[in-house]
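Please study the sequence and the structure shown below. Then work through the exercises, each of which is followed by a solution in steps.

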Amino acid sequence: MDAIPHSRPYPWPFPDPNETYFDAFEHTAFILIDMQLDFCGKNGYVSKMGYDVSLTRKPIENVKRVLQKCRENGVLVLHTREGHRKSLRDLPENKRWRSAQAGAEIGKDGPLGKILTREANGWNLIEELKPLETEDVIDKPGKGSFMGTDLDLILRLNKIRRIIFGGITTDVCVHTTMREANDLGYECLLLEDGTGATDEGNHASAIKMVHMQNGVFGATAKCEDVCAFLDANRFDCAENRDAIIPNAKPFPFTIRAKKTAIVMVDWQLDFTSPKGFGAALGNDCEVLREEALPNAVKILEAGREAKCAIVHTLEAHKADLSDCPPSKIRRCDKIGQTVDAKMGRILVRNEPGNSIEPLVAPIEGELIVHKPGKGAFYNTNLEFQLKRRGIETLIFTGVTTEVCVQTSMREANDRGFECIVADDATESYFPEFKKACLEMISSQNGIVGWRCLTEDVVNALKI
């Protein structure tokens, strides 16, 4: 899923022309603004000024769900906390004066310690949204999270381009931070029901302001839609368990389930259908379906049962073919053309022919990689996705053996992954090419990787 459903006023995030591929997690941060006792706790700063803290506590449960999804998927999570030094040397005089007029002077004693002062009890973040040890907290003296902090440095060093905002209050600290981030070039999303204000009217107006001018500060969305977006791009992995394939060539192969991914290479109708791209080149597509596809189904089912990570690749180009080299088109001018109306444009993303065979179609939690080349690693986020999940071992099935399967396996081998391919779960239009390719893979003591049969993989994953 490339965008959050129902985000307003446009599908968030916008299609960034500087990204060669889209990853929902790699360049995204979730920033939780000022969920402190002073703002949403009883007897805190907001309460002492006479406001109803039930309004600032309202987003807590929704934010918890988004926070959990972000943590599960490796999204960078940051927390902010407004507060001043004990010396109050970072407290502007006009801010102190205004707080005094409201009956809650910053730096003075309150029920939760010195009001909006660092290390006082009210300055602490609430227990329900307590940061993990691995999550940084940005201490800020103002309403915005960038002024006087190292937030921008942290985001840029971690290659963040997109920010999801939750927290309080919508109209003050959240909005100020979102405006700062927008001016700095970040693509921003505000959680409509994951933020709150001391006044419902202000909260609604703050959301509406974001929508003006087709998203002058970014976009907004409901927490449930953000969770659906994160789930749709989720990449699940297995529990820890080891198994051996004793009959693997050139020698026994170890599967560590938690560190293993099944890679289903290009089981797309463009290659397997008698009306697809492969057939348009004069190839017999039925060859791919006779033995290899049923065996790929067995490996996929065994991998799912063992809770292994599952990756599906598709050779696919953007609709404008901007990611298709002219040399590739010169050698095959059918790319981007329509040979059969029911199949759509050949090797173009989201066209009917570019969908995966129903027998091995992806399910929720499985990674889908759209690749513009033969290899699954070129111009994709596959290496990042695998390594952030601790994957070390790859089991390959797919088509065609000598082109996309072998290229992907060679790329993986050079990146330090241990690779094995099931001989009878991969296929070529040309039997002699398949035979030569498989021999190349396991030659010289496994120069590219290992080989085995489908039953070897299935039996190992059942242990």
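**Exercise 1: Surface and interior**

State how much area the protein exposes and what share carbon and sulfur atoms supply.

Solution. The exposed area of the protein is about 20300 Å², and carbon and sulfur atoms supply 50% of it. Such areas come from the Shrake-Rupley method with a 1.4 Å probe, and for residues only the protein chains shown count as cover. Next, consider the interior: of the 463 residues, 54% are buried, where buried means under 20% relative accessible area, exposed over 50%, and partly exposed in between (1.4 Å probe, protein chains only).

This is a predicted model, in which local features need pLDDT of at least 70 and side-chain atom pairs count only at pLDDT 80 or more, while totals for chains, interfaces and linings use all residues. Residues are numbered from 1 along each chain as its sequence is written, and side-chain values use heavy atoms, with hydrogens and water left out.

**Exercise 2: Cysteines**

Determine how many disulfides the structure holds, and explain why C285 is in none.

Solution. Step 1: a disulfide is a covalent bond between the sulfur atoms of two cysteines; here the criterion is a pair of cysteine sulfur atoms within 2.5 Å. Step 2: the structure holds zero disulfides. C40 is in no disulfide, and the nearest cysteine sulfur, that of C173, is 12 Å away. Step 3: C285 cannot form a bond because the closest cysteine sulfur, in C332, is 13 Å from its own, which is too far. Step 4: C40 counts as buried at 0% relative accessibility, and C285 is also buried, with a relative accessible area of 4%.
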